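Trainee: I have a model open and want to learn how to read it. Can we go through it by question and answer?

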Amino acid sequence: MRPTFIMTPEEFYHTVRPALDSGRAVSFPATGRSMLPFIRHGMTVTLRQSPSYFPGDVVLAITSPRRRAVLHYIVKADRHGYTLMGAGNLVQTEWCRREDVAARVDTPILNRKRILLWHRLLPLRRYFLWLYRRKGDL
């Protein structure tokens, strides 16, 4: 049985960043609900660094200016950074600098096209999430 470590998202980010920077992949059980319906609490997520990141990529990043670690998808990219949003969020977005992105989620079901389609459904997302939660898939 593997040991269990409990740490804040920020501690996790700073713990795994050196491994990711050296080219290693990092797997961990996700916590929280901000990426529903794509990533559920307890689902194993694998992170890998990428030479570039694009809208639709789900990334581990530190947001600015609050310096909070999140696992959210990129909505928009500009010269200085990225606008991020959780798939389970209806309004809230965050911004991060390019250098504060540690890695992207390396999972086939989280392809960019699916994520960007989900983003276009933002006006209806409230109802989809209600149905999803009501169904009991959490």
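Trainee: Along strand 6 (residues 94–97), which side chains point to one face and are buried?

Mentor: First, a caution: this is a predicted model, where local features need pLDDT of at least 70, side-chain atom pairs count only at pLDDT 80 or more, and totals for chains, interfaces and linings use all residues. Residues are numbered from 1 along each chain as its sequence is written, and side-chain values use heavy atoms, without hydrogens and water. In a regular strand the side chains alternate between the two faces of the sheet. Trp95 and Arg97 point to one face and are not buried (buried means under 20% relative accessible area, with a 1.4 Å probe and protein chains only), while the buried pair on the other face is Glu94 and Cys96.

Trainee: In strand 6, what is the bridge partner of tyrosine 82?

Mentor: Strand 5 (residues 81–85) and strand 6 run antiparallel. Four bridges join them, and two strands pair if DSSP finds at least two. For tyrosine 82, the partner in strand 6 is cysteine 96.

Trainee: How many helices and strands are in the chain?

Mentor: Helices are DSSP runs of H or I with at least four residues, and strands are E runs of at least two, numbered from the N terminus. From that end, the order is α-β-β-β-β-β-β-β-α-α. That gives three helices and seven strands.

Trainee: What is the radius of gyration of the chain?

Mentor: Take it over C-alpha atoms. The globule rule, 2.2 Å times the number of residues to the power 0.38, gives 14 Å for 138 residues. The chain comes close to that, so it is as compact as a globular protein of that length. Its value is 15 Å.

Conventions:
Buried < 20%, exposed > 50% of the residue type's maximum accessible area, 1.4 Å probe, protein only.
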